[in-house]
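Student: Please take a close look at one strand and its pairing partners. I would like the bridges, the burial and the backbone angles nearby in one connected account.

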Amino acid sequence: MYSTMNCYRKPEPQMIETKSIDELSMNAQSDSWLTVLIVKCAEIAGESATLGLIPIAHIDDLRFLAKLAMRFILAVIHAGRDSVSQWILTTFEDALLSATRRRITKCERTPPAFIFYVFDFLYHYINTEEVRKKRAVWEKLHQFWKSMLDWMVKDEHGHMQPLIVKTAMLFGMEKRCILWMEFYMDQLRNKNKKEDKLEGEVETSYYFTLMNLYARIHELNGVRGSYARLSKAHIGHVYGKISMQEALGDVASAATLSAMTGKGKPFDPRESIRKLIDEHNSLEEYPKDKQIEYEEHIKSLKNLSNWMQNDKDFGPSPQVFAKTIEPRAIESTILKMIQDGEVDCVVNDAIEKAKMKTIERLSECGLGGSCSFETTSSLIAQVHQLDEISRFKDASVESLTRAESEFWKSIQRRTDDGEQRMDFLEPILRVRKSMLTIRMKPLGDMQKNLLRSKIVEVHLQSARIARLSGCQERAQLAIINAKKVLPFDNRIVLEEAKLQLQTSDELSGMNLLDSIIDKTFGELSKHYGDTQQSRNLDLQRTAKSMIDLFPTETKNLFSSVQMLRISQMIKAGNTIGFEKIYNDTMNLLNSFVSSGVMYEAAWLLDYLFHYNERNRHVLPLLKAYKEVAKFETNHVLQARAVERMMSLWLSNTRKMSGLISSGKASAGAKAEMMVNIKDMNREISNAHERIGLRAFYHAYAVLVRHLDHQDEDVFRTIKGIMQQLIFRMPHQCMWQSVYLLRQDIAEVKNRYMEVLTNVKRKAPCFTTLIDQYDYASAVFNAVPGKVDSDQCKLSTKVEGLKTLFREKKYDPKELIIDRRIDGECKIIGGIMVPIRSEIDGSVHDISLPEGFEESCLVPDRYLIHDFSDKVKVLHSKTKPVLIELITKAGRKVRLICKKEDDLTKDYHFTKMVEMCNDLLIKDEQTRIQSMAATTYSVIPLAKHGGIIEFMEGVTSFYETIDKHMTKSPSEWNQQVQKWATQMKTLSKDKKVEFFRNEMCEKSPLVMSKWFRCEYPEAGKWFASRKLFAKSSAVMSIIGYIFGLGDRHTKNLMVHVPTGKCVHVDFDMIFNKGELLSVPEVVPFRLTRNMVNGMGEVALDGEFRAVCEQTLRVFRENSYEIEKYIADLPNLVSDFNLKDFDMTEAKRLISGRLRGQIMTAKLYRGNPILHPMQVSQLASSLIELATSDEKLCEMFEGWMPTM
């Protein structure tokens, strides 16, 4: 920084002294305002130390001056110079008021940008430990900061709001504004509480302000949450209703309501532009350099107004349009230049000038510090827009008119890789559409047709992103615009059908799908119908051969329409026609399976196959999954198809074997079942050969679970596949199954040893590799038993680790299989890092070797090289130990070694969470919102004990709140125990009253403060808090569905780099928490501090919306969940509850998926049986989770007040 300072522009001292800040702001460069601020602070303070720094204030470096000015302001406040402090505050207030009228030029925008920096800096400075210890200094700083927050102005509706919030909103810093509004509302709430006042009307305007701030950045969940809080404070708030409808893009309804009530005006984008032009014209004269800049700005606004006369698309909402008027004015000016045929050099200069202006705005956001992507995303989108204009302007006609050109491929990549959000993607799509329209005009008819198709594609992308964001009116408008370009395009009809189906208009949606099939795929539909002629086999074969001749794109579109149609018929509950739907689905899969995109058809077939437990042979379903896995291009879906195929085969043959051995089946039924078992075995063997081993790897865990299969033929098939997988992927398979050597089911252990013995016979290398994993599992499992404190040296306490990783040997005397008294043996290849993501990732990352020796070798990046001698014993009942491993690539990996816990539940629960994540990724709406729960690797090593992946950067929920508590942990524990003793003496009604008025009142709400202090930058704060609410909601619903309990403050973690809520320790599943001495009576943890951390409106906004979406996805895919849990082992064997087994646990999960509140004990005898709609169920669960009546019954160590 210092090497680039320019000191040649230092003004004369008399100029500084004789000119006011206002004069400098009007007539000089932007850094002069900061210069005079520093000089005045130094001169008025009159301290020699500060006076000596005055010459530095003339350096031409804005960021440096901002930090220097901040230092001077701090010096003034610390020195107690109240008159100087008051002068600074007055100067700041004048600058902010001036910026509400003038904010076009850099010198007008720099003072407010600096004031924003000062406000943020002071908040975090006064919350440092050092300042908090100095009470007098803290009070001065806090009073200065609070004075800045207390400046108030009225908005256009007469609502009061802080001046700093209004100014920052005009600067496009909405996330900062939301942060500051919540500051202010917290301050006001604390003040009212001290004065025994109710929140009342004064809060109404602030929720309205929050609502509009969320609308300007198109955060619709925030808008909904703000409106919900606004409605509670002021029923029937008309402006709120109008603003809500406008934010969702329903401008017509907003205009109707405005006309009916006489409040507000119907939105007209050109009127908004004219109003802005009039405001600028009403300002007094400016010096010549500023006058030119203002004239250019007004000219660009007029260009935008003229552009909007032809292009009515004002964007996602009026609020977003108001925020983006300036960049849209620049955009329209450049587009008009290109449209009018302006020469390239002039257009390029205009684009570069626009980019420089955007970079100036980026600098404003980071003045005094750094800024995150979340803060600057709208500005980054503007840079992308300008780049998009340049690309389309410079693209050759050949590139534009050739669908598969590199140009279009790069454009598609940019769209796919970009942020899938309306506020980010919509402006880019708008520019793309405009440029295509301009470039299309001079072309011939054939070339125009291709560009028209691309324009339709852009409109449909807009429609899709709007539909998935919940803006139905906006999506409908994009579809109408697409129809104006190509009225009869099938893609438009399909998108319109999806919109109708999403808005619960099934009849219109189904009619549209039928019309696509009838009008577009007449010939293909006829051949498809001929394939269903069961009696005429020649006609079937001819029809299938004719279908193969159609283009792949046509076949894929036809099959996608058919699958959408079938799935909607199933959702509609058309049970009478299920038999026909089943046949249609089977025929669809058989006809189009080679397209490689038919996994969903197999899933639908699976659902229909098991509907009402109809007596069908499972063999056709196995064949269907086999064919899907053979052709599927997506590795994840291929793995899921194979895993499901194996699960169907093993569960059905196990059921048949049980019936045969029980003697309950007749001789004829036995014979038939034996034939069916042989047929299925033959089909699986055939699938194994045709699909390949890589896809079968993901079914290895399923095979392991069925090693005790009763049928010998089936066991031989299991054994054969397991052996083949171990031959080619030995490291990966061993970590998945080595725990079987140290568990107490003799039959399973013996059969597994039989598999390993056969593998060892194949080649000597396998003997060594199996032995070393046998030894490694014993060594890792011994760690928590031998390490008892943080002072232990790991290599001394656990010598097996030193033997294995430093000496590269293992001791045969410690083995389970083939234990012997030989000397130490050398290892081969190494030991793979025991983390599931690494293990599974290596399967697709490396090619499968041909030779056995080669298969025992994997790349160094996956192998453990050494370990650290430092350990940490974690604070938990079982004293797990945290260790650190080092890979051969130098990467450090930390693991938690547990000894006494049965990690089988944790392992299976994490697999269930991963399955739920797959469902959320599969759904369009939840995928675009990146909804998922965080998982980690769990590898059992024995009946009790195993390895858990340590998540870097996490801290417990308890530690986050403890950081800002006024009491020490010991004092707080004493207080909790005292409350618990008092609660035992109270009646139920008195308990609730005591909990609410005593315990909750004395338990501080500090989670919001933790977020503010942990994430000083507003964009990062906004994103992390949103992620906290979203991840909490997803995991809350997953936990409710599977009965997850024991969610105390140390089993909930916060991932500090992102803010995500992470759950650990899954021993209490299937509602086991209800069997504790103090039963758990809430569906999930949603205590006061969790709600406080999510923010003012998240409970009714982000959290509730994500809960509803997650419940919807799980309900729509309930069969996927049910078929997964159907194959789980017995995970409730330790339940001391009569008549409760895995069958009952699965039944309760099915009931909860349908919308019933059913649990193992509390809601078992008296369940809430009526299935609720998704929104109703979400509301009921939130109400139960936050109910004082329920929370007061929770165990005190669970910390229900926090």
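Tutor: Lys898 of strand 8 has Gly946 in strand 10 as its bridge partner. The model is predicted. Strand 10 covers residues 946–949, and its pairing with strand 8 is antiparallel, with 4 bridges.

Strand 8 also pairs with strand 7, residues 881–887; 6 bridges join the two, and they again run antiparallel. In this pairing, Lys892 of strand 8 stands opposite Ile886. Strands 7 and 8 make up a hairpin, with 4 residues separating them. Within that turn, Gly890 has a positive phi of about 90°.

As for burial, strand 8 spans residues 892–898, and 5 of its 7 residues are buried, so the strand is largely enclosed by the rest of the structure. Buried here means a relative accessible area under 20%. In a regular strand, side chains alternate between the two faces of the sheet.

The positive phi in the turn belongs to a glycine, Gly890. Most residues other than glycine have a negative phi. Two residues elsewhere can be set beside Gly890. Asp1046, not a glycine, has a positive phi near 60°; this residue sits in the loop that runs between helix 53 (1018–1041) and strand 12 (1052–1055). His218 also has a positive phi, near 55°, and is located in the loop between helix 12 (202–216) and helix 13 (220–233). With a relative accessible area of 9%, His218 falls under the 20% cut-off and is therefore buried.

Terms used:
Residues are numbered from 1 along each chain as its sequence is written. This is a predicted model: local features need pLDDT of at least 70, side-chain atom pairs count only at pLDDT 80 or more; totals for chains, interfaces and linings use all residues. Side-chain values use heavy atoms; hydrogens and water are left out. Buried means under 20% relative accessible area, exposed over 50%, partly exposed in between (1.4 Å probe, protein chains only). Two strands pair if DSSP finds at least two bridges between them.
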